[in-house]
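Me: Could you zoom in on one part of this model for me, the strands and whatever packs around them? I'd like one connected walk-through rather than a list.

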Amino acid sequence: MGWDQPPERRPVERAEIDRLKAAPDFPAGLRDRVRAVGAGEAAALLSVAPTRFARLVRTGHLSPVRFYLNRYRSVIWLYVAAEVTAFGEAHPELLTGRLPVALREREAAGEDLRARNWRSRHLALLLRGTADPWARAAAIASLLDPDRLAETVDDPHERALLDRLRPAPPPGLPLAGTARETAERLLRADGPDEIRWHRTNLTLALAEARAARPAPTPSPAPAPVPEERSLPQAAPPRGAPPQTAPAYRPPGRPRARNTHPPGGPSRPRRPGLLERLRRSLPGGTAAAGAWRGRRDWG
C-alpha cells in the first residue's frame, strides 16, 4: 500500500503490548483503567447528583472518551471511570456546596464543551498513532467542514490527498439517516475559536508535510488522435442527372474494341428520304439514274 493511502488498521507496537502485559495487575488493572461509564454511573462514583455532574462536564472539567446515539437519537457520552475518580480526589471543593461564580456564569451562558473536548481528545489519539506528516495533517483536516478546508488548503491536489488519508470514523458511528447526520456534526469543529485553532494547526502541519514530500499530482492524459474525415463533396447542380457509380467489370476481361483499320469497310449507310422516293418511281434504279442526270425539270 502506498504512502498516500490510509492504513486499514492502526498497528500497536509490540513493545507497548509487552509493557501492558508486564504490569503486576494485568489484566484486571488494565480493564479498570480503560472502563468507560455513563453520566449516571460517573455521578455515583463522585457521590454527587447527576445534575451537578452534568454542570461539571458541560464546563469542561471532564472530557468524554466516547459517544453513541441511543434509540431516541440522543447523544450519550461516556467517561473513563479512573479519570472520574481521580477528578473527585483532586477537586473535592467542586463536589459540594455552591459552584464558583465564574463557573455558574459560563453555565448560564449555555456553554457545553463536551463535544469540543471529545474532538481534542480524539485528535490527540490520531496524532499519536502516526508519524507521517501528511497523515497528521489529514487528521487535523478531518475536523473541518469542506468549506473551511477549501479556505485553508487552496491546492486541489493537496485536498484530494488529505481526503484519501482521512482517518476512519470512530467505531459505533451510525451508518445512515438523521442519526448519522447528528454524529457527523459532532466530528466537526463548530465554535469560531476552535475552527481558528484547527486551521492554524493545519497550516503548520501542511508546511511540514510539503517539506517532507509534495502531494502527488496526476499525470496529464494523452491528447486524443484526431479522426480522419473526408472532405464534403459539392452538391450537383439543380436539374443535372444523378451520378451513378461505374458498372463493375471483372478483372482480366478485356474491353471490346473496334478491330477495323482506319478507312476499311464500315457498316452500310441507310438510304435517305430523297433516294427512297426515287427508287419508288417507275423504272427503279435506271429512272433514278435518269433523274440524277437531268437538270431541266420543265
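Reply: Two strands are called paired here if DSSP finds at least two bridges between them. Keep in mind that this is a predicted model.

Let's start with the strands themselves. β2 (66-69) and β3 (75-80) run antiparallel and are joined by four bridges. One spot to look at is R66, which stands opposite L78 in β3. The hairpin of β2 and β3 has five residues between the strands, and R73 takes a positive phi there, near 60 degrees. β3 also pairs with β1 (residues 36-37), again in the antiparallel sense, over two bridges. In that pairing, A36 has V80 of β3 as its bridge partner.

Now for what packs around them. The largest nonpolar core has 27 residues, and the members that touch the most others are L46, F53, L62, F67, W77, Y79 and F87. Elements that each supply at least two residues of this core include β2, β3, α4 (50-58), α7 (114-128) and α11 (177-186). In general terms, nonpolar side chains of soluble globular proteins tend to be buried together. There is also a second, separate core of 22 residues, with W134, L143, L144 and L161 among them, but let's stay with the strands.

F67 is a good residue to click on. Not counting residues up to four places away in sequence, F67 touches V75, I76, W77, W118, L173, A183 and L186. Its relative accessibility is 7%, so F67 counts as buried, the cut-off being under 20%.

The rings deserve a look too. A pair of aromatic rings is described by the distance of the centres and the angle of the planes. The count comes to three aromatic pairs. One of them is F53 with Y79, an edge-to-face pair at 5.3 Å centre to centre and 90 degrees between the planes. Here F53 sits in helix α4 and Y79 in strand β3, 26 residues apart. F53 is buried at 0% relative accessibility, and Y79 is buried as well at 3%. F67 and W118 also pair edge-to-face, with 5.0 Å between centres and 85 degrees between planes. Because F67 lies in strand β2 and W118 in helix α7, this pair ties together parts that are 51 residues apart in sequence. W118 counts as buried at 5%. Add W77, and F67, W77 and W118 make up one aromatic cluster.

Follow W118 into its helix. α7 has 15 residues, which should span 21 Å at 1.5 Å a residue, and its end C-alpha atoms are indeed 21 Å apart. Besides W118, the buried residues of α7 include R114, N117, H122 and L126. The buried residues of this helix pack against β2 and β3, and also against α4, α8 (133-141), α11 and α12 (192-212).

Last stop is L173, another of the F67 contacts. L173 belongs to the loop between α10 (156-164) and α11, and at 11% relative accessible area L173 is buried. Leaving aside neighbours within four places in sequence, L173 is in contact with F67, R180, A183 and L187. From L173 to E184 is eleven residues in sequence and 8.5 Å in space, C-alpha to C-alpha.

How values were computed
Residues are numbered from 1 along each chain as its sequence is written. This is a predicted model: local features need pLDDT of at least 70, side-chain atom pairs count only at pLDDT 80 or more; totals for chains, interfaces and linings use all residues. Side-chain values use heavy atoms; hydrogens and water are left out. A nonpolar core is a set of buried Ala, Val, Leu, Ile, Met, Phe, Trp, Tyr and Cys residues joined through side-chain atoms within 4.5 Å. Buried means under 20% relative accessible area, exposed over 50%, partly exposed in between (1.4 Å probe, protein chains only). Contact means heavy atoms within 4.5 Å. The expected span of a helix is 1.5 Å times one less than its number of residues. Rings of Phe, Tyr and Trp (its six-membered ring) pair if their centres lie within 6.5 Å; planes under 30 degrees apart count as stacked, over 60 as edge-to-face and the rest as tilted.
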